[in-house]
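Colleague: I'd like a close look at one part of this model, the charged side chains that pair up and what sits around them. Could you take me through it in one go?

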Amino acid sequence: MPTLFKDLASFYDELEAVSSHLKLREILVRFFKRLSASEVKITAYLTLGTIGPHYEKTELGIAEKMAIRAVCSACDVSKEKATKLLKQQGDLGGVAESLGGRGKNQLTIQQVYHTFLAVRDASGGGSQDKKIQLLTGILKSASPAEAKYIIRIALGKLRLGVADKSLLDAFAIAFTGSIDNKEMIEDSYNVCTDIGGLGEALAKKGIKATRQFDIALGRPVQSMLAQRVNEVPEILEKIPGEIAAEEKYDGERMQIHKDGARLIAFSRRLENISAQYPEIIEAARKSIKAKTTVLDGEVVAVKNGKIMPFQLLMQRRRKYNIEEYRVKIPTVIFLFDILYLNGESLLKRSYPERKKLLASTIRDSERVKLAGGVTSARIDVIQAFFEKSVKRGLEGIIAKSTGPESLYKPGKRGWAWIKWKKEYAQGMRETFDLAVVGSYAGKGSRKGRFGALLCAAYNKQNAQFETFTKVGSGFTEKDFVQLKKALHPLEARTKPKLVRIEKTMLPDTYYEPGLVIEVLGAEITDSPNHAAAKDVLKTGLALRFPRFIRIRKDKGPTDATTVKEIIALHKKKYKKPAR
Ligand code: ATP
């Protein structure tokens with residue numbers, strides 16, 4: 001018997017009502033266990049408020065105005081009435097519920113999901129009307145509670161407080177019988193990055209399914225990440241033997257998949273960004289000698305042979321005027337890794353092996369280059385290379401292990417890669433990438449704007465965002481405009497479930513964690529006012545003298561600096577010397 005959408009709606013009601021992490025998991029486990037494998041796949045996407053993996057097109061293309069039209073014709077009410085209710089309630093899902101659907105609870109999960117796919121795929125002339133018609137049709141068959149969730153999903157505003165991580169944990173219990181398997185499952189997710197596909201495979205085969213995932217063309221893996229140290233000699237402690245030191249470019253991470261004539265560029269957030277960088281795709285087509293391959297690198301903006309700042313590159317992340325900006329802000333990709341070559345996964349090959357294959361796969365050209373570097377076991381050589389890189393205007397270096405264990409580990413921030421930046425070298429302050437979760441209204445000259453942003457670090461253990469600092473300085477006029485635009489769609493009426501805030505810090509406006517900003521700070525101190533690390537240490541941790549640096553469009557909220565990293569920095573840097 002196919003599962004009915006009404007059961008999914010009751011499951012969502014249950015999830016909405018709980019705040020405890022464990023209780024949430026229990027509810028997830030119970031529901032997922034009763035589903036067929038194909039329903040597990042669909043339900044995983046829907047529960048995260050989406051209709052597919054990140055790397056596929058998941059936007060339905062339904063604006064709120066279009067959804068209002070669908071609600072009005074499904075419920076037979078005037079636009080004025082619906083708009084008035086929306087103003088009062090602030091949630092069109094709630095409005096659809098209160099206007100009452102007339103369906104008889106016959107809809108199945110599959111039916112609703114396939115309607116969403118049809119809405120997404122409606123394109124060309126008259127596509128808006130087609131989308132509205134499809135949505136109206138399904139709303140007519142929906143009960144009030146079902147209509148609420150259909151609208152929220154269609155608008156990308158489901159927000160149940162369920163993170164990818166919570167689902168993976170639930171899969172471990174539901175399909176492999178033990179939470180102890182969660183790391184194996186997480187590793188598979190870092191490779192396949194399709195939560196629905198992974199859930200379906202686990203439901204069918206249990207833990208054995210984790211063995212079936214390897215890198216595949218057209219499906220990005222999570223990027224491997226780098227650790228940080230406080231002093232250069234520490235690099236030698238962590239990477240004994242030969243070190244491959246490479247230039248560190250401050251741009252945007254890019255994973256290129258080539259499958260014959262088909263080339264796709266993926267961002268660090270796993271989105272398909274090929275359309276935004278047509279010159280890289282064209283150049284890669286000529287420079288790559290292999291028939292099939294997956295390459296990892298960093299795209300930077302370059303003018304007159306000089307590498308330009310990250311902010312300039314971010315202007316290339318646009319939907320419109322791509323041709324104009326392609327000329328205005330040309331780019332170059334520096335490749336530093338190869339993960340797949342002519343039918344073979346290279347994830348389990350050592351770095352020196354991969355590097356050799358990379359060099360033989362690429363023809364250096366104006367827009368496609370190999371990352372520069374030196375290999376040595378001597379600290380003075382590494383230090384000299386670092387200084388030379390900084391002089392060239394680069395951010396610093398990435399020191400990479402060359403030992404037999406130097407495999408490519410998707411999604412891992414391990415000691416095989418260590419970053420060393422000029423800011424660290426100058427004993428300057430640290431930067432943190434934090435999720436904006438709230439704002440305080442401005443006063444005086446800041447009236448009508450925010451006075452400060454409440455920012456959170458990511459706690460990977462419980463998949464929550466814990467506040468760490470309140471940033472009130474460093475904003476230019478342009479920043480205010482850009483931040484307002486980026487934060488508006490994330491506004492939430494009440495505290496988002498994944499966010500932890502102390503009572504003393506409640507903001508005027510809440511935001512769903514979605515926007516990441518880079519913040520410079522002077523010192524990490526104990527603080528009862530912040531939630532970061534509170535469940536590990538007795539007190540919370542706070543960043544003092546924070547200053548806004550830039551928006552990080554290239555990072556999603558779960559890419560924010562983790563609480564674990566903050567605890568490590570706090571221990572090392574600010575521990576008082578023993579007397
Ligand atoms: P940061 O904010 O310090 O750039 P991050 O959090 O964006 O760091 P990290 O993994 O901590 O990411 O730093 C490594 C990043 O540096 C990589 O994600 C990649 O985008 C970039 N990078 C630039 N040059 C290289 C290189 N030669 N090898 C690996 N990564 C590089």
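Modeller: Let's start with Lys400 and Glu246, whose side chains meet in a salt bridge at 2.8 Å, N to O. Keep in mind that this is a predicted model. Lys400 sits in strand β11 (residues 396-401) and Glu246 in strand β2 (residues 243-248), so the pair ties together parts that are 154 residues apart in sequence. Both ends are out of reach of the probe for the most part: Lys400 is buried, at a relative accessible area of 2%, and Glu246 is buried too, at 3%.

Glu246 has a second partner, and that one is the ligand. A ligand nitrogen lies 3.0 Å from an N or O atom in the Glu246 side chain. So what else does the ligand touch through polar atoms, going by Lys248 and Arg268? In the side chain of Lys248, an N or O atom is 3.0 Å from an oxygen of the ligand. Arg268 likewise puts a polar side-chain atom 2.9 Å from a ligand oxygen. On its own the ligand would expose 600 Å², and the protein buries 96% of that. Around the ligand there are 19 residues, and the closest are Glu298, Arg413, Lys419, Lys421 and Lys555.

Lys555 takes us back to the salt bridges. Along with Asp250, Asp433, Glu518, Arg550, Arg552 and Asp554, Lys555 belongs to a network linked by salt bridges. As background, side chains of opposite charge can pair when their charged atoms come close. Across the structure the count of salt bridges is 42.

Two more pairs are worth putting beside the one we began with. Glu466 and Arg500 meet through their side chains in a salt bridge of 3.2 Å, N to O. This one also runs between strands: Glu466 is in β15 (residues 464-471) and Arg500 in β17 (residues 499-500), so the pair ties together parts that are 34 residues apart in sequence. Here the two ends are not alike in exposure. Glu466 is buried, with a relative accessible area of 0%, whereas Arg500 is partly exposed at 26%.

The other pair is Asp129 with Arg69, a salt bridge of 3.3 Å, N to O. This time the partners are in helices, Asp129 in α8 (residues 127-140) and Arg69 in α4 (residues 64-75), so the pair ties together parts that are 60 residues apart in sequence. Neither partner is buried: Asp129 counts as partly exposed at 40% relative accessibility, and Arg69 is partly exposed at 42%.

While we're at helix α4 (residues 64-75), you may wonder about Cys72 and Cys75: how far apart are their sulfurs? The gap is 7.9 Å, and Cys72 is in no disulfide. The cut-off for a disulfide is a pair of cysteine sulfurs within 2.5 Å. For Cys75, the sulfur of Cys72 is the closest cysteine sulfur, and 7.9 Å is too far for a bond. By this rule the structure has zero disulfides. Both cysteines are buried all the same, Cys72 with a relative accessible area of 9% and Cys75 with 10%.

To pull the pairs together: Lys400 and Glu246 are a buried pair, Glu466 is buried while Arg500 is partly exposed, and Asp129 and Arg69 are both partly exposed. Of these residues, Glu246 is one that also has a polar side-chain atom 3.0 Å from a nitrogen of the ligand.

Definitions and conventions. Residues numbered from 1 in each chain as written. Predicted model: local features only at pLDDT ≥ 70, side-chain atom pairs only at ≥ 80, totals over all residues. Heavy atoms only, no water. Buried < 20%, exposed > 50% of the residue type's maximum accessible area, 1.4 Å probe, protein only. Salt bridge = Lys/Arg side-chain N within 4 Å of Asp/Glu carboxyl O. Helix = DSSP H or I, 4+ residues; strand = E, 2+ residues; numbered from the N terminus. Near = heavy atom within 4 Å. Polar contact = N/O pair within 3.5 Å; in protein donor to acceptor, adjacent residues only side chain to side chain. Areas by Shrake-Rupley, 256 points an atom, 1.4 Å probe, with all protein chains shown as cover.
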